[in-house]
Amino acid sequence: MARSKSSLTQVLLSWYSQNGRQLPWRKTKDPYAIWISEIMLQQTRAEVVIPYYERFLQAFPTVQALAQAPLDTVLRLWEGLGYYSRARNLHRAAKQIVRHGGTFPRDAKEWKELPGIGPYTAAALAAIVNGQDAIALDANLLRVGARLFGERGIVTSPVVRKRIERRFLELLPPGKAGTFNQALMDLGATVCLPRNPRCEACPLRRFCVAQATGQQEKIPVRARRRVRPHKQFIAAVLQDERGRLLLVRQADRGIWGGLWTLPYVEARSWREARPKLEAITGTRMKRTAGRSPYSITHTFTHFTATYTAIPAIPTTRVRHGRWVRPEQPNLAVPVPHRKLLQAFSRGGFGAIPHARTPSNP
DNA sequence: AAGGCGGGGAA
DNA sequence: TTCCCAGCCTT
């Protein structure tokens, strides 16, 4: 057992030195830059993160620069990346770090005290930045570990997570936690894939219980997925005399917290939506004659949504929100609303088909 | 322990 | 279409 353990680790590290991914945040030892990367990488694949990471570090090269920036500027650079509480927590944490003289945490326990840093990120940063022996148990390590150790329980359950972490901890080469964790991540991302794992290319093949028993497609075992509900939303496209559209800022919590959207509510008809939209914008409004609504659907993790944008005109002074040019709002706008703005700026949804006016859009 | 929270890429 | 990703926070 002792022999296979050390040889497993050696094979893994050797494979990593030849086949590891070249990622921008692996070229630096700056705790600030690595911290930014880890937050962006939460629930987000590395390829998606790369351009965001580059732009973000260019805009905010230091933790001081980030701490001094307005939240709206930070959210602008996060636009499209999702899970926007990450950006709000990042901004809060930057202020905390600067208040502590700009010194970064020295171990996992200190990292975890910052907002937006949970068990995984604390372990990853402790290992990569501080060289501390820790297991950064992300989805990759969970999947690799479940297959490698032949774990038959539901992988997301606390018991199974603990079991896999303990097994990896036994294999961890002291002082090399950063490399060890990232080697396992890369193995999960490029070889030990969720579907159709490339076992023929796996350096750990001869150590893998799932491979030996032919169960690599059945492991990891996941909890049953719930059905995804469908929700309908109505958005008002209020236009001023200069052709600008009204956006409102979402509160700093909940979906799209801190971002700017068309005024919208969950509703199935204009009749139902209008009073609520009037409350949000602080104005009375009526539908624009001759303009048709425009709908898009968007799938979230927990529900599917249809957003119907309805052109309308304010009939009293508008008290809330900000007028923006739809082709360049210069504010952080979530993807579905950005699509609505783009569709409108490319022709304003067109005219209502004269044969049949949708009464219940 | 469970649910809310984005968006995109791959099969 | 469905799955799932370098998870965290609140309840």
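Me: What makes up the surface near DNA strand B, by class?
Reply: Its residues divide into ten nonpolar, nine polar and three charged. Ala, Val, Leu, Ile, Met, Phe, Trp, Tyr, Cys and Pro count as nonpolar, Asp, Glu, Lys and Arg as charged, and the others, Gly among them, as polar. This is a predicted model: local features need pLDDT of at least 70, side-chain atom pairs count only at pLDDT 80 or more, and totals for chains, interfaces and linings use all residues, while side-chain values use heavy atoms, without hydrogens and water. Residues are numbered from 1 along each chain as its sequence is written, and chains are lettered from A and ligands numbered from 1 in the order in which they are written.

Me: What makes a residue near a strand?
Reply: One of its heavy atoms must lie within 4 Å of the strand. Around DNA strand B there are 22 such residues, and Arg45, Tyr83, Tyr84, Ile255 and Trp256 come nearest. Sugar and phosphate account for 51% of the atoms of DNA strand B that come within 4 Å of the protein.

Me: Why is the approach of Arg45 to DNA strand B called a polar contact?
Reply: The term needs a pair of N or O atoms within 3.5 Å (within protein, one must be able to donate a hydrogen and the other to accept it, and residues adjacent in sequence count only if both atoms are side-chain atoms). A polar side-chain atom of Arg45 lies 2.6 Å from a sugar or linking oxygen of DNA strand B. That distance is within the limit, so the pair counts. Tyr84 passes too: an N or O atom in its side chain is 2.6 Å from a phosphate oxygen of DNA strand B. Gly80 uses its backbone, with a polar atom 3.4 Å from a sugar or linking oxygen of the strand.

Me: Which residues come closest to DNA strand C?
Reply: Leu41, Gly116, Asp138, Met185 and Arg225 are the closest of the 27 that surround it. Here sugar and phosphate make up 67% of the strand's atoms within 4 Å of the protein.

Me: How do you know that Trp25 makes a polar contact with DNA strand C?
Reply: An N or O atom in the side chain of Trp25 is 2.7 Å from a base nitrogen of DNA strand C. That value fits the cut-off, so the contact counts. A polar backbone atom of Gly118 is 2.7 Å from a phosphate oxygen of the strand. For a backbone N or O atom of Gln43, the distance to a phosphate oxygen is 3.1 Å. By class, the surface near DNA strand C has eleven nonpolar, seven polar and nine charged residues.

Me: What makes a space a cavity?
Reply: On a 1 Å grid over the protein atoms alone, it is a set of points where a 1.4 Å probe fits but cannot get out. A pocket is an open set, with protein on both sides within 12 Å along at least five of seven lines. Lining residues have an atom within 4 Å of a point. The structure holds one cavity of 30 Å³ or more. Of the 15 residues that line the largest cavity, Arg147, Cys192, Cys199, Cys202 and Cys208 are the closest to its centre. The lining has ten nonpolar, two polar and three charged residues.

Me: What volume does the largest cavity have?
Reply: About 120 Å³ of space lies in it. Grid points are joined across faces, edges and corners, and the volume is the space filled by probe spheres set on the points. The second largest pocket holds about 550 Å³. Its lining has 21 residues, with Gly82, Tyr83, Trp256, Phe300 and Thr301 closest to its centre.

Me: Why is the pair of Phe104 and Trp111 called tilted?
Reply: Rings of Phe, Tyr and Trp (its six-membered ring) pair if their centres lie within 6.5 Å; planes under 30 degrees apart count as stacked, over 60 as edge-to-face and the rest as tilted. Phe104 and Trp111 are 6.1 Å centre to centre, with 35 degrees between the planes. That angle falls in the rest, so the pair is tilted.

Me: What makes the pair of Phe233 and Tyr307 stacked?
Reply: Their centres are 4.9 Å apart, and 15 degrees lie between the planes. That is under 30 degrees, so the pair is stacked. Phe233 lies in strand β1 (residues 230-238) and Tyr307 in strand β7 (residues 304-314), so the pair ties together parts 74 residues apart in sequence. Helices (H or I, at least four residues) and strands (E, at least two) are DSSP runs, numbered from the N terminus.

Me: How do you know that Tyr307 is buried?
Reply: Buried means under 20% relative accessible area, exposed over 50%, and partly exposed in between (1.4 Å probe, protein chains only). Tyr307 has 1%, so it is buried. Phe104 counts as buried too, at 19%.
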